[in-house]
Amino acid sequence: MDAEKRTLVGVALASLAVVLAACGGDYPQSTLHPTADFGSEIDALYRTIVWWALGVFVVVETALIIAILKFRDRPGAPAPRHVHGSTLLEISWTLAPAVVLIFIAVPTIRTIFRTDGAPPEGAMQVEVVGHQWWWEFRYPDLGIVTANELRVPAGEPVTLVMTSADVIHSFWAPKLGGKRDVMPGRSTRISFTPDSVGVFFGQCAEFCGESHANMRMRVVVEDSAGFAAWVERERTAPPGAETLTGDLARGLEVFRTKGCMACHAIEGVAAGVLGPNLTHVGSRGTIAAGILPNTAEGLARWIRDPAGEKPGSLMPQMPMTEEELAALVAYLQSLN
Ligand code: CUA
């Protein structure tokens, strides 16, 4: 083998290794490790199609290699015989792909109907509203409104009834199930039953403006006890002005006087509807649709310059002193 061929073979083997390695890892948004029935349906379909594709690949490549070797040009060999039409061959190579397509189409259509059918009996309903650029989650039966972190119990069916407040978004939590458009003036639905406890990442999957890539979410799947405890916490109103003292009282005052309450709701304090409901913002792992950790530093960075953290953010920069900001951050963190 000369140097050039060795290089080519080396590159081909290295590429194959990279491709195979990319399939194996447990990446946070990989669809190859599903954690809900919907995701498993799609994964099974994907695997079925991969096996069919592999079969076709092997047959076609084997025929190709045999043809290349058997009919290659040799010194002094006569010109190949010309063949005009072969009914048997033509029928075979028309029928074979048709049969393969049927074996792919039937499970595909079955999966579409299964994952798009009526929600399972007794499914918990969550209303999802897409906003530029964050997710609102409302639990009408539980009286809970939250943002960017969807909490659901493992082993119980949930159905998301989704719409948008502005432009078209798309809900996609890859490990749980397929993506679905979220449109203004229309209602779309996605149902799944999570089978594993954990935190699963997702994001908007439809270009929706300059911070489309910053429209992330988390789906927190808990066991029933953990979920019940969360529901209990969420339904408890946070302490009002009369019980707060020191920094927290100061923070609440800043919240009220710096315009925050025009857009944000906090139960018993404010009823704004344009931005995320902050009643229990302290209990969330991230803020600003998953782009910043929910720490004192993350909150301060966000409030200081929302559009600097998330280009195009509709949340305005509210002028305030560092002392006011620190008090506001302390108050928001106390809302857990
Ligand atoms: Cu919302 Cu992209």
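Which residues line the largest cavity? They are T146, E149, R151, W230, E234, S283 and R284. The model in which this cavity appears is a predicted one.

**Cavity and pocket**

The count of cavities of 30 Å³ or more comes to one. About 40 Å³ of space lies in the largest cavity. Two elements, β4 (149-153) and α4 (224-234), each supply at least two residues of its lining.

The largest pocket holds about 730 Å³ of space. Its lining is made of 35 residues, and those nearest the pocket centre are H264, G275, P276, W302 and M315. Two or more lining residues come from each of β13 (286-287), α6 (296-304) and α8 (322-334). Of the elements, α6 gives the largest share of this lining, with three residues.

**Salt bridges**

The structure has a count of 11 salt bridges. The table lists some of them, with the distance between the closest nitrogen and oxygen atoms where they meet.

| Basic residue | Acidic residue | N to O distance |
|---|---|---|
| R114 | E41 | 2.9 Å |
| R180 | D116 | 3.2 Å |
| R250 | E323 | 2.9 Å |

The salt bridge between R114 and E41 has its closest N and O atoms 2.9 Å apart. R114 belongs to helix α3 (residues 87-116) and E41 to helix α2, so this pair ties together parts that are 73 residues apart in sequence. R114 counts as exposed, at 52% relative accessibility, while E41 is partly exposed, with a relative accessible area of 22%.

Helix α3 also takes part in a second link. The side chains of R180 and D116 meet in a salt bridge at 3.2 Å, N to O. R180 sits in strand β7 (residues 180-182) and D116 in helix α3, and the pair links distant parts of the chain, 64 residues apart. Is R180 buried or exposed? R180 is buried, because its relative accessible area is 17%, and buried means under 20%. Its partner D116 counts as partly exposed, at 45% relative accessibility.

The R250 and E323 side chains form a salt bridge at 2.9 Å, N to O. Since R250 lies in helix α5 (residues 246-257) and E323 in helix α8, the pair ties together parts that are 73 residues apart in sequence. Both partners are partly exposed: R250 has 23% relative accessibility, and E323 has a relative accessible area of 43%. These two residues are also members of a wider network, in which salt bridges that share partners join R250, E253, K258, E323 and E324. Helix α8, which holds E323, is also one of the elements that give two or more residues to the lining of the largest pocket.

**Cysteines**

How many disulfides does a search of the whole structure find? The search finds zero. For C263, the closest cysteine sulfur is in C260, and the two sulfur atoms are 9.0 Å apart, which is too far for a bond. The cut-off for a disulfide is a pair of cysteine sulfur atoms within 2.5 Å, so the 9.0 Å from C263 to C260 does not qualify. C263 counts as partly exposed, at 24% relative accessibility. C204, another cysteine, is buried, with a relative accessible area of 2%.

**Surface patch**

W51, L54, F57 and V58 form a nonpolar patch on the surface. Together these residues have about 460 Å² of accessible area. W51 is found in helix α2 (residues 37-70), the helix that also holds E41, the salt-bridge partner of R114. W51 is exposed, because its relative accessible area is 62%, and exposed means over 50%.

**A buried strand residue**

V221 is part of strand β10 (residues 216-222). At 1% relative accessibility, V221 counts as buried. The C-alpha atoms of V221 and V152 are separated by 5.0 Å, although the two residues are 69 residues apart along the chain.

Technical notes. Residues are numbered from 1 along each chain as its sequence is written. This is a predicted model: local features need pLDDT of at least 70, side-chain atom pairs count only at pLDDT 80 or more; totals for chains, interfaces and linings use all residues. Side-chain values use heavy atoms; hydrogens and water are left out. Patches are made of residues with over 30% relative accessible area and no salt bridge: like charges are joined within 9 Å, nonpolar side chains (Val, Leu, Ile, Met, Phe, Trp, Tyr) within 5 Å. Accessible areas come from the Shrake-Rupley method with a 1.4 Å probe; for residues, only the protein chains shown count as cover. A salt bridge is a side-chain nitrogen of Lys or Arg within 4 Å of a carboxyl oxygen of Asp or Glu. Helices (H or I, at least four residues) and strands (E, at least two) are DSSP runs, numbered from the N terminus. Buried means under 20% relative accessible area, exposed over 50%, partly exposed in between (1.4 Å probe, protein chains only). On a 1 Å grid over the protein atoms alone, a cavity is a set of points where a 1.4 Å probe fits but cannot get out, and a pocket is an open set with protein on both sides within 12 Å along at least five of seven lines; lining residues have an atom within 4 Å of a point. Grid points are joined across faces, edges and corners, and a volume is the space filled by probe spheres set on the points.
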